[in-house]
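Please open the model in your viewer and keep the sequence panel visible. The stops below can be taken in order.

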Amino acid sequence: MDQFLQHLVNGTVLGATYALLGIGLTLIFGIMKVVNFAHGELYAFGAYVAYALVSLLQMDYFVALILAAGLGLLLGASIEFLLLRRCRLENIDEVMLIMIGVMIIMQNAELLAWGGVAKVVPTPFPQESIIIGGIYLSPTRLFVLGAAIVLLLAFYLVIERSRLGLAMRATFQDEDAARIVGVNVGRIYTLTFGLGSSLAAITGALLAPVFVVTPTMGDLASLKAFAIVILGGLGNIRGAALGGFALALIEEFGAAYISTAYRDAIGFLVILAVMIARPQGLFAARERVG
Amino acid sequence: MRRLSFLVIVAALALLPVLWPDPYLLSVVAAAGIMIIAAISLNLLLGFTGQLSLGHAAFFGIGAYTSALLSLGFDVDLGFSSPLVVAPKPVWVAFAGGIVMASLFGWLLGKVAFRVRGAYFVIVTISFAQVMRMVALNWVDLTEGPMALVSIPPLSLWVPGEGVVRLVSKASTYWLVLAAGVLAYVIVANLVRSRIGRAAIALRENEVLAKSIGIPVTRCLIVFSVLSAGIAGAAGGLYAHTVRIIDPDVFLFIYTITMVIMVIAGGKGTLAGPVVGGLIFGLLPEMLRGVVAPEVQWMIYGALMILILLFMPKGIVPAFGGLLKRGRISVRRPSATQGASS
C-alpha cells in the first residue's frame, strides 16, 4: 500500500509539471493552429538557463527560475515575430515543418554550446527526504509541486479573468470576429507564443535540479507534451492539465507494475490508443481541429 | 522524348563507376541513393496524397531489421514452451521478407492513422516510429538492442561467366542501389499516372470533393501507405546489406526529417523532386564534413528547411522546371487543403 501511495505522490509531482508543459503547447495550438515542435526545446532552453545561471554564474536558483521564464517569453515571442508572422496563412503542414526546423537548430545549438554530457543543477533545498506516513518526498520535489500548482492557478486566472485572457479566448473562438471588436490579433499571437514558451522554459528550469540537463531532453519533452495534449484534445486547456496528470500517473504505475524499460514508450502507446478509441481526446467537449 | 532523356540520365549514372572509379565517391553516392529511395517512397504519401507522415524512418528500420534478422537467423522466446527458432535464410529471401514486413506495418499504420488528418495524423505517425525505436532498443533478445546487429551478409548476384558474386565492392554496391532506385522511380511514376494515382492527387487537392465523386478515400490512402512503406522497407534492406551493421538509431526522428527535407526541397508531388533534393541533401553532409562541426551542419539543414519553406515552398524542381514543364504531373496546390476530416 505504501508502495502504491509513493507512486501516486511521485506521479502527482511529475503530473503537475507535465500539465504545465501540456497547457503551453495546447494554448499555442488552440489559438494559433501551430503544432509547436520546438516546445520541448524551449523546455530544454529553460533547463540550460538554470544551469548557466546557477551552476556557472553561482546565481540564486529562484532568480534563475524567474529569468528562465522571462527569457523563454522573449525567445518564444521572437520566434513568433520573426518566423511565424511570415507564414500565418500557409497551411498547417508547412508551419509544422518550419517549427521542426527551429527544433533542429535549437537542439544542435545546445549541443554545440554545452556538449553532449549531462549537466547537473544543484538544488537549493536540503537533500534528506521528508517522510509523511511512510511516503518519501524530497523538498526539491515538494517545491516543484507547489510552484507548478501556483503557476497553473496563475495561468488559469490570466486566461479566465484578465483582459489579455479575454482577448485570447476571443481569438481562439473566432479570429475575424475578434479583429472586428478591436483585438490586435497579431499581438495576441506573439503573446500567446511567448506565454506558452515561457511555461515550457520555467518547467525546464523547475525540473533541472530534479533530473539532469541534456541536449536531447527536449525531444522526449516534445513528444510527451504531444501525448498530453492528445489525451486532453488539441486546443483544450483544461484537458491538457488533466492529461498531464493522467500521463504522469499512467507512466509511473506502468513503470512500477509493468515495465521500466518501456516507460517512455507509454506516452506513445497512449497516443495510439486514444487515436483508435476517441480521436477527439478524452476530455474534449469542443470539436477537434485538423 | 522524356523517356529518352530518362534513359540517358540513367546510362550516365550507370557509367559513373567506370569513368570515375573513386571508392569514396561511389560509397557516398550509394549512401545518398539509399536515402533517395526512401525519399521517393515518402513522396508517395507526402507529395501525392498530401499526408505529412513523420514516421517514415520506422518502415526503413523495419525493412532493415527484418531483412537483417532473417538473413542472420534468430531465436526468440515468445513465452511459449519452446522458443521460436528461425534458421538463416538466403539473403534475397530475407530482403523480400523485409519488404513484406514493412508493407504489413504500412497497412497497419494506415488503418489506424488515416482515421484522422492534419496534426493528429502527424502525431500518430511520429508515435508509431518512436514505439518501434523503443522496441528495437529494448527487445535485446531479438534485436541485440544498442549492441547492434553485426556481420549482416551482403546481397549476392549471379553474373554470367563469373558465377555468384557477393555485392561487396563499392562499384557493385553503387550499381545495386542505382538499379533499385530506378526501379522505385519507375514504379512510382507508373503508379501516380494510374487510376489510383490520379484518385490520390484528387483527394490531395480536395478530399470532400474526391469523396463526393466516388473515390474510396481511405482505401486509396491505405494502398499508398502500403506501397510507400514497402519501398521504404526495401531501402532499409539495402542499407542493412550494404552497410552490414544496424542499430536502433535507424529509427531516429532525424532520419525521417532528412527524408522530408529531401522531398520538400526537391519539390513534393513531382517525380524528380526527391531525386534532386536527395542528391543535394545526400551529398551536402559530405561537402560540409571537415569544414564545420556536425552540429553546425544540422543547424544549416534546419535553416535551409525554413528558408525553402518560406521562399520556395513548392521546391526546386517546380521552381526551375519551367523548361521541362511537360514532365510535371503535379497540379498547383491551393493553400487551403487542410480542414477536411475523416
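The tour goes from a helix to a single residue, then to a hairpin and the contact between chains.

This is a predicted model, in which local features need pLDDT of at least 70 and side-chain atom pairs count only at pLDDT 80 or more, while totals for chains, interfaces and linings use all residues. Residues are numbered from 1 along each chain as its sequence is written, and chains are lettered from A and ligands numbered from 1 in the order in which they are written.

Select residues 2-19 of chain B, helix H1. Helices (H or I, at least four residues) and strands (E, at least two) are DSSP runs, numbered from the N terminus. The end C-alpha atoms of H1(B) are 25 Å apart, in agreement with the 26 Å expected for 18 residues (1.5 Å times one less than the number of residues). One residue of the 18 is buried, so H1(B) lies largely in the open.

Next, select A:Glu41 in helix H2 (residues 39-56) of chain A. A:Glu41 is buried, with 30 other C-beta atoms within 10 Å (buried means 20 or more, with C-beta atoms placed from the backbone). Add A:Met103, 62 residues away in sequence but 6.2 Å away in space, C-alpha to C-alpha. Beyond four places in sequence, the contacts of A:Glu41 (C-beta atoms, placed from the backbone, within 7 Å) are A:Met103, A:Met106, A:Gln107 and A:Gly218.

Move to strands S3 (residues 156-159) and S4 (residues 163-166) of chain B, which run antiparallel and are joined by four bridges (pairing needs at least two DSSP bridges). B:Val159 has B:Gly163 as its bridge partner. In the three-residue turn of this hairpin, B:Gly161 has a positive phi of about 90 degrees.

Finally, show both chains: the contact takes 37 residues from chain A and 38 residues from chain B. H4(A) gives the largest share of the chain A side, 14 residues.

Technical notes. Buried ≥ 20, exposed ≤ 12 C-beta atoms within 10 Å, placed from the backbone. Contact = placed C-beta atoms within 7 Å.
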